[in-house]
Amino acid sequence: MSVVKINVLTVPAEQRETLEKRFASRAGAVENSDGFEWFELLRPIEGTDDYLVYTRWRDEESFQAWMEGPMKSAHQGSGDRPKPAASGSSVWSFEVVQQAAPKGE
């Protein structure tokens, strides 16, 4: 079964627009990665400043290959990179044990 990785980003209110624009203009390397299945950027509505970056992968090996390849390359670079929009980050990991899709009509 697939694995889900949720990157929890603490984003102050004044940085929300910056974060969303950066994700909107990202290179898109994740979509072309072997084993990638899904991406969502979830904006908090109430009760938290945490954005959730949801990705789903065929298996842990596919996620790790992306982390060590395209993701690592995208986050390295020159010393004049803009300051991060998030003030904190942690990653949650899950295995998909059950799933359902809407029934066909």
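A residue counts as buried when its relative accessible area is under 20%, as exposed when that value is over 50%, and as partly exposed in between. With this scale in hand, the predicted model can be explored, starting from one arginine. Arg 26 has a relative accessibility of 28%, and therefore counts as partly exposed. In the chain, Arg 26 sits in the loop that runs between α1 (16-24) and β2 (36-42). When neighbours within four places in sequence are set aside, the contacts of Arg 26 are with Glu 31 and Phe 39.

It helps to step back and look at the chain as a whole. Two helices and four strands are present, and reading from the N terminus gives the order β-α-β-β-α-β. Of the 105 residues in the chain, 26% are buried. The surface that the chain exposes comes to about 7600 Å², with 53% of it supplied by carbon and sulfur atoms. Contacts can also be sorted by how far apart their partners are in sequence. Among those between residues at least 6 apart in sequence, 71% join residues that are at least 24 apart.

Aromatic rings offer another way into the structure, which holds five aromatic pairs. One of these brings back Phe 39, a contact of Arg 26. The ring centres of Phe 23 and Phe 39 lie 6.1 Å apart and the planes meet at 20°, so this pair is stacked. Because Phe 23 belongs to helix α1 and Phe 39 to strand β2, the pair ties together parts of the chain that are 16 residues apart in sequence. How covered are these two rings? For Phe 23 the relative accessible area is 21%, so this residue is partly exposed. Phe 39 has a relative accessibility of 23% and likewise counts as partly exposed.

A further aromatic pair is formed by Trp 57 and Phe 63, and here the arrangement is edge-to-face, with 5.8 Å from centre to centre and 65° between the planes. Are Trp 57 and Phe 63 buried or exposed? Trp 57 has a relative accessible area of 0%, and is therefore buried. Phe 63, at 8% relative accessibility, counts as buried too. These two residues also belong to a wider group, since ring pairs link Phe 36, Trp 57, Phe 63 and Trp 66 into a cluster.

How values were computed
Residues are numbered from 1 along each chain as its sequence is written. This is a predicted model: local features need pLDDT of at least 70, side-chain atom pairs count only at pLDDT 80 or more; totals for chains, interfaces and linings use all residues. Side-chain values use heavy atoms; hydrogens and water are left out. Buried means under 20% relative accessible area, exposed over 50%, partly exposed in between (1.4 Å probe, protein chains only). Contact means heavy atoms within 4.5 Å. Accessible areas come from the Shrake-Rupley method with a 1.4 Å probe; for residues, only the protein chains shown count as cover. Rings of Phe, Tyr and Trp (its six-membered ring) pair if their centres lie within 6.5 Å; planes under 30 degrees apart count as stacked, over 60 as edge-to-face and the rest as tilted.
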